[in-house]
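Welcome, and get your viewer ready. Below you will find a few exercises, each with a worked solution to check against your own.

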Amino acid sequence: MDLKDKILVLDFGSQYTQLIARRIREHKVYSEIFPFNASIDKIKAFAPKGIILSGSPSSIYDKKALLPDKEIFSLGVPVLGICYGMQLMAHCLGGKVAKAVKREYGRAELMIDDDTNLLKGIAKRCKMQDARCKRLVTRHSSLVTVVWMSHGDRIEKVPAGFKSIAHTDNSPIAAMADTGRNFFALQFHPEVVHTERGTDILRNLLFKICECKPTWTIKSFIDTAIEDIKGKVGNSGVVCAISGGVDSAVTSALIHKAIGKKLTCIFVDNGVLRTGEAKKVETTLKKNFHMNIICVDASERFLKKLKGITDPERKRKIIGNEFIRVFEENAKKLKNVRFLAQGTLYPDVIESVSFKGPSATIKSHHNVGGLLKYMRLKLIEPLRELFKDEVRVLGRELGMPEEIINRHPFPGPGLAIRIIGEVTRQRCDILRKADAIVLEEIKKAGLYVELWQAFAVLLPVKTVGVMGDERTYENVIAVRAVKSVDGMTADWAKLPYDVMGNISNRIINEVRGVNRVVYDISSKPPSTIEWE
Ligand code: XMP
């Protein structure tokens with residue numbers, strides 16, 4: 001990205017690293033995350049106007065404490081250390097770090113001792129008649145704000161050139177500054193919403209200290225991306241696999257805006273999609289964007305391969321491999337195709353400590369990377385610098401309907417991993433009908449957008465029921481609805497009883513072959529979101 005004003009976040013493994021980068025982008029300043037040990041040449045080439053050192057689950061005392069190249073302190077750019085980043089600055093620049101007497105976790109009252117520079121305008125002077133204020137003033141400061149702490153170590157002595165600029169009851173040095181070199185450090189987390197004025201602290205850093213201009217917008221991103229795509233692709237064709245999800249839809253819309261009919265999208269119906277999905281994707285992209293789309297009904301092929309298979313990992317492999325075959329057969333028929341487009345997002349790209357989570361393997365089957373070799377295609381990934389919420393903003397800007405923008409994630413192996421046991425056409429039909437009812441009722445109750453995912457699962461057990469005067473012996477459907485921010489952890493959703501009641505009544509009345517509905521009340525961890 002050819003922008004002048006960029007901020008670099010060095011990642012030491014904090015759960016909040018991604019959040020720091022997003023908060024900066026919310027201020028329209030471009031930011032990227034590099035691993036803590038990124039080489040100084042790579043950092044210099046990025047040419048940041050400021051560097052942020054993230055927090056970390058580890059301690060500066062650890063034998064294998066994570067340390068950056070110390071030359072970052074000689075680049076002449078402002079540096080902000082957050083939490084572990086602060087202890088690291090103290091450690092590298094000649095201060096003293098010690099174990100805190102009391103671990104500080106959660107809400108804390110920060111008393112500001114110097115409200116110039118980074119903490120300028122952050123806290124209002126409280127009124128003397130206010131009891132809380134009186135209490136705090138006796139502790140030598142009348143400038144107070146609420147911050148979010150999470151640390152076990154603390155600074156005992158600031159490095160030469162620094163002075164303490166704020167304290168809490170437990171941390172005599174909760175923030176420090178060396179204004180000569182523009183080095184700042186905070187013991188608390190300005191990036192989390194619980195820090196009342198965190199956004200303003202970051203604003204001071206970006207605009208007053210680093211002197212950035214707010215030039216990073218989705219509109220500017222679109223203009224640059226279109227030029228990039230045109231330049232890269234030239235007169236060649238591009239092929240893109242569409243899944244119906246927001247990432248591939250927005251990828252194709254962006255490329256289409258750049259090169260029009262030179263883009264061909266391929267949508268594969270693998271027989272384990274939800275009701276009406278294939279048609280919906282086709283009509284949306286054709287109607288709204290007039291794209292070239294090839295829809296391949298390969299359901300028979302997939303279901304044949306899945307016959308008799310009950311192991312979830314084998315289901316995943318079969319579907320992944322078959323997808324590649326079908327995609328390849330169809331892509332080969334296209335003339336002059338030299339590029340394969342993928343909806344890779346920034347969190348998939350960041351090679352950092354905190355992102356080496358299970359998501360990398362979860363998504364691996366999506367990867368049509370094998371195709372690159374067979375067809376000698378080059379990869380084009382126009383969203384690889386964006387976070388998911390930015391992709392949604394981009395999609396809206398490109399005219400993508402809300403239905404696609406807000407769509408819940410749907411796994412590549414589709415209903416196959418929600419049908420426990422063997423996948424047959426008949427069992428797919430039962431699940432499809434039940435699943436459609438779950439989604440209809442969730443949408444009717446206005447709950448769809450606040451849920452990460454809601455779906456039905458077909459269990460491999462039969463139970464006894466009674467319908468009319470007859471005894472039945474039929475299938476059980478489990479309903480799953482979860483709230484989550486990124487799918488890595490999730491809470492089961494406390495759906496209103498009447499919504500659960502409607503879902504259950506409708507499924508049992510309308511779906512032949514089901515006589516019982518249960519609700520999944522497990523969170524992740526220790527359970528997962530999907531049942532297989
Ligand atoms: P779990 O079940 O691991 O799911 O808690 C986390 C998120 O990943 C999705 N998921 C998959 N997505 N292929 C995919 O494309 C898969 O095999 C797969 N398994 C799980 C799941 O829907 C949830 O959003």
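The exercises go from the whole chain to single helices and then to the backbone.

This is a predicted model, in which local features need pLDDT of at least 70, side-chain atom pairs count only at pLDDT 80 or more, and totals for chains, interfaces and linings use all residues. Residues are numbered from 1 along each chain as its sequence is written, and side-chain values use heavy atoms, with hydrogens and water left out.

**Exercise 1. Describe the chain as a whole.**

Solution. Start with the secondary structure: the protein chain has 17 helices and 18 strands. Helices (H or I, at least four residues) and strands (E, at least two) are DSSP runs, numbered from the N terminus. Next, take the extent: the C-alpha trace spans about 80 × 65 × 45 Å along its principal axes. Then turn to burial: 56% of the 532 residues count as buried. Here buried means under 20% relative accessible area, exposed over 50%, and partly exposed in between (1.4 Å probe, protein chains only).

**Exercise 2. Work out which side of helix H8 faces inward, and what it packs against.**

Solution. First, locate the helix: H8 covers residues 277-289. Second, list its buried residues, which are Glu 277, Val 281, Glu 282, Thr 284, Leu 285 and Phe 289. Third, look down the axis: these residues fall within an arc of 165°, so they line one face of H8. The arc is taken from the directions from the helix axis to the C-beta atoms. Fourth, check the face turned away from the buried side, where the exposed residues Lys 279 and Lys 287 sit. Fifth, find the partners: the buried residues of H8 pack against strands E10 (237-242), E11 (263-269) and E12 (292-297), and against helices H7 (246-259) and H15 (402-405). Contact means heavy atoms within 4.5 Å. Finally, step just past the helix, where His 290 takes a positive phi of about 50°.

**Exercise 3. Helix H14 (residues 388-397) packs with H7 and with H6. Classify both pairs.**

Solution. Two packed helices are described by the angle between their axes and the distance between the axes. Axes are lines fitted to C-alpha atoms, for helices over the stretch in contact, and angles run from 0 to 180 degrees between N-to-C directions. Take H7 first: H7 and H14 pack at about 50°, with axes 10 Å apart. That makes H7 oblique to H14. (Angles under 35 degrees count as roughly parallel, over 145 as roughly antiparallel, 65 to 115 as roughly perpendicular and the rest as oblique.) In this pair, Val 246, Asp 247, Val 250 and Leu 254 of H7 meet Lys 388, Val 391, Leu 394 and Gly 395 of H14.

Now take H6 (residues 218-233), which packs with H14 at about 75°, the axes being 10 Å apart. H6 and H14 are therefore roughly perpendicular to each other. Ile 218, Lys 219, Phe 221 and Ile 222 of H6 meet Glu 390, Val 393, Leu 394 and Glu 397 of H14.

**Exercise 4. Where does the backbone depart from the common pattern?**

Solution. Most residues other than glycine have a negative phi, and most peptide bonds are trans. Begin with phi: Ala 47, in the loop between H2 (40-46) and E3 (50-53), has a positive value of about 50°. Likewise, Glu 211 has a positive phi of about 55° and lies in the loop between H5 (198-209) and H6. Then inspect omega: the bond from Lys 524 to Pro 525 is cis, with omega near -15°. A cis peptide bond also joins Pro 525 and Pro 526, where omega is about 10°.

Technical notes. Expected span 1.5 Å × (residues − 1).
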